[in-house]
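Q: Got a minute to go through this one with me? I'd like to start with the ligand and then ask about a histidine.

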Amino acid sequence: MISKWIEQLNSRQILSILYSVCGFSLVLTLIGAWFVRDGNVSTLELTALRWIWMIGLVMFISAILLIGRPLIKRMADQNSRLKAKKEKLETVLNESKLNEINLQYRNELIEVLASKESLFDYSSVIEKIVLLTKSEFGALLLTKDGEITSVVPKEMTEDQQESLKKDSLLLKRVMISKLPAATSKRVVDALHTYPYYIYETVIPIMDPSDNSLIGCLYLARYDEQYDASEKSELNAFAGQLAISLLRMQLYRQMQQDRKETAQLINSVREAILYVNYEDDTVVGNRAFIRMFDDLHFDYKGYEELSAIDIDIEQLAERVDQHEQFVRYFERVFTQDPPEDGLTISIDQGDCFIQLYAESVYRDRKLRGTMLVLRDVTAETEIDRMKSELVSTVSHELRTPLSSIYGFTELMLSRDLKESRRELYLKTIHDEAKRLSYLVNDFLDLQKMESGKQAFEWEPVDLYQLVTDSVAFYQETTDRHELFIDADTEQDFIIDADLEGMRQLLGNLLSNAIKYSPDGGNILVSLERVDEEVVMKVRDHGMGIPSASLPHLFGKFYRVDNSDRRKIGGTGLGLAICKEIAKAHEGQLHVESVYGEGSTFICELPTSKEHIMQ
Ligand code: ADP
């Protein structure tokens, strides 16, 4: 009872009692000591003193025992309570840690389901669910029209997956009933000495829009059933999975559509540029990147439209109609696409491009502009050839024909003097010759272009040919001096068609004479460079404007200058030369300074064994 009373006291009270008892016993001890110090103490007094000490000592020990024991007991009790609390705390801590891990898995699962990765990587989804439900293994089965289309397994062998797909009655039941189901199986196998249980559960994944089955979640573990709360949690996961699977389907469909659109646009031969006003992006197709290949745009492949980092000035650099082109593009980029098209040429007429802008509207709002650039070089060339042909025919055919017609009529209707008759006949003869040259040139070229020209290959001494031709053409002019420059020690024999070579050199020499109306020196040089002979015909005549150089070897192309108009020609000579050089596996090009003269360079291989076979 005392201990209880003491226990009930607070520590300060206990201490004050302890102090008073101790103080009292100290006082008694001091009184005793004072008497002793005096020395004259009687036996009776000494006995009384001993008693006083004794009582003091007993009181002191009793006080210590009375107070100390319950205190020690209390401390021991407190200690054991603390221990119990600690243990409880540890259990709670462990539980909360476990909960925290589960929560983390759950969060991760939700994150994975919501993330873009889940659209492709369902293995991380099933992995998280297996971890969360402490399952041994599991799988996510995707279904379509009641058939399993794919299995995303976790810790399952190929055999296990196959048997799940083919033999699992549980799975079949769920696929038919569309309701969750679970089973337990007693397993006895050679690996384990004792039988054990395997618990399986299958949760259907339903499309919420039409309640059709889009997949199943399969989980299995040993020795512990899936309880009701786990099953309801799994149902919730299945709901989220359904949404995620539908997102995936939608995303895949979108991707597929995007790919198809990109493939379509990339397969178009016209260069296409789409300027998107909504997100300020520009994409281009394969033809566009090819058209401006010198700008090295990053080509993303056939299944994607490539993002184009456009710099209008840079794009317009090679465009001949620079200003117009920049203005057109600027209008497109400032959401004011022009309705009219524009035809431009690139690299001084090397190619021709027709462009037009097509606005793209959605909900009656301008969303972007599609720029289409069409390479019309071939059409332009054909058009040019047609008009050249018409003008050549009208000029080159009509002029000789009308003079032949006129002179023959005169000869038929009038009685002419012999000398006059002879003059007229000569004119008729010359004009007929011009006509036949034109027709022959035209037919020759047609034959060569269609590969029908029969060349006769033989070793041809180019030096000899040059000597003969120079002598021949020198005869036709008094105003020009024709020279040859060749190292006669060298051998200029090549495998060639003699007549073809004669025609090529003849055309170059007659042009050199024709287009140097003021006369001057004409030099034919021969040089051996490795396995080639380089033949050059150089004049100091009118020269060729640089804009005409790229077209010079085109059919019917004639430099259109007032000073040349009176010089007759068909525009076929150089085209024929080019074809002859090509047939000899050689090359023909020109260097010219307008007003100063031209050099035609023909590079011919010495041997063409494969051609001659
Ligand atoms: P043409 O019958 O008009 O001479 P070509 O095909 O031989 O036809 O030449 C095409 C054009 O090239 C000519 O109209 C001429 O303007 C130019 N040309 C050819 N050779 C020369 C040259 N040596 N000097 C200057 N211009 C030339």
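A: Sure, here is a quick run through the ligand site and then His 480. Keep in mind that this is a predicted model.

Q: How many residues surround the ligand, and which are the closest?
A: The ligand has 20 residues around it, and the closest are Asn 511, Tyr 515, Arg 558, Thr 570 and Leu 574.

Q: Which element gives the largest share of that shell?
A: That's α14, with three residues. α14 (498–514), α16 (573–583) and β18 (597–605) each supply at least two.

Q: OK, polar stuff. What lies 2.5 Å from an oxygen atom of the ligand?
A: A polar side-chain atom of Arg 558. The backbone joins in too: an N or O backbone atom of Leu 574 is 2.8 Å from a ligand oxygen, and a polar backbone atom of Gly 571 is 3.1 Å from one.

Q: And how much of the ligand's accessible area does the protein cover?
A: 98% of the 530 Å² that the ligand has on its own. The ligand sits in the largest pocket.

Q: Switching to His 480: buried or exposed?
A: Buried, because its relative accessible area is 4%, under the 20% cut-off. His 480 is in strand β13, which spans residues 480–486.

Q: What does the His 480 side chain make a polar contact with?
A: The side chain of Thr 477, at 2.7 Å. The His 480 side chain also reaches the backbone oxygen of Ser 516, at 2.7 Å.

Q: Leaving aside neighbours within four places in sequence, what is His 480 in contact with?
A: Gln 474, Ile 513, Ser 516, Gly 519, Gly 520 and Ile 522.

Technical notes:
Residues are numbered from 1 along each chain as its sequence is written. This is a predicted model: local features need pLDDT of at least 70, side-chain atom pairs count only at pLDDT 80 or more; totals for chains, interfaces and linings use all residues. Side-chain values use heavy atoms; hydrogens and water are left out. Helices (H or I, at least four residues) and strands (E, at least two) are DSSP runs, numbered from the N terminus. Buried means under 20% relative accessible area, exposed over 50%, partly exposed in between (1.4 Å probe, protein chains only). A polar contact is a pair of N or O atoms within 3.5 Å; within protein, one must be able to donate a hydrogen and the other to accept it, and residues adjacent in sequence count only if both atoms are side-chain atoms. Contact means heavy atoms within 4.5 Å. A residue is near a molecule or strand if one of its heavy atoms lies within 4 Å of it. Accessible areas come from the Shrake-Rupley method with a 1.4 Å probe; for residues, only the protein chains shown count as cover. On a 1 Å grid over the protein atoms alone, a cavity is a set of points where a 1.4 Å probe fits but cannot get out, and a pocket is an open set with protein on both sides within 12 Å along at least five of seven lines; lining residues have an atom within 4 Å of a point. A molecule sits in a cavity or pocket if more than half of its atoms lie within 2 Å of its grid points.
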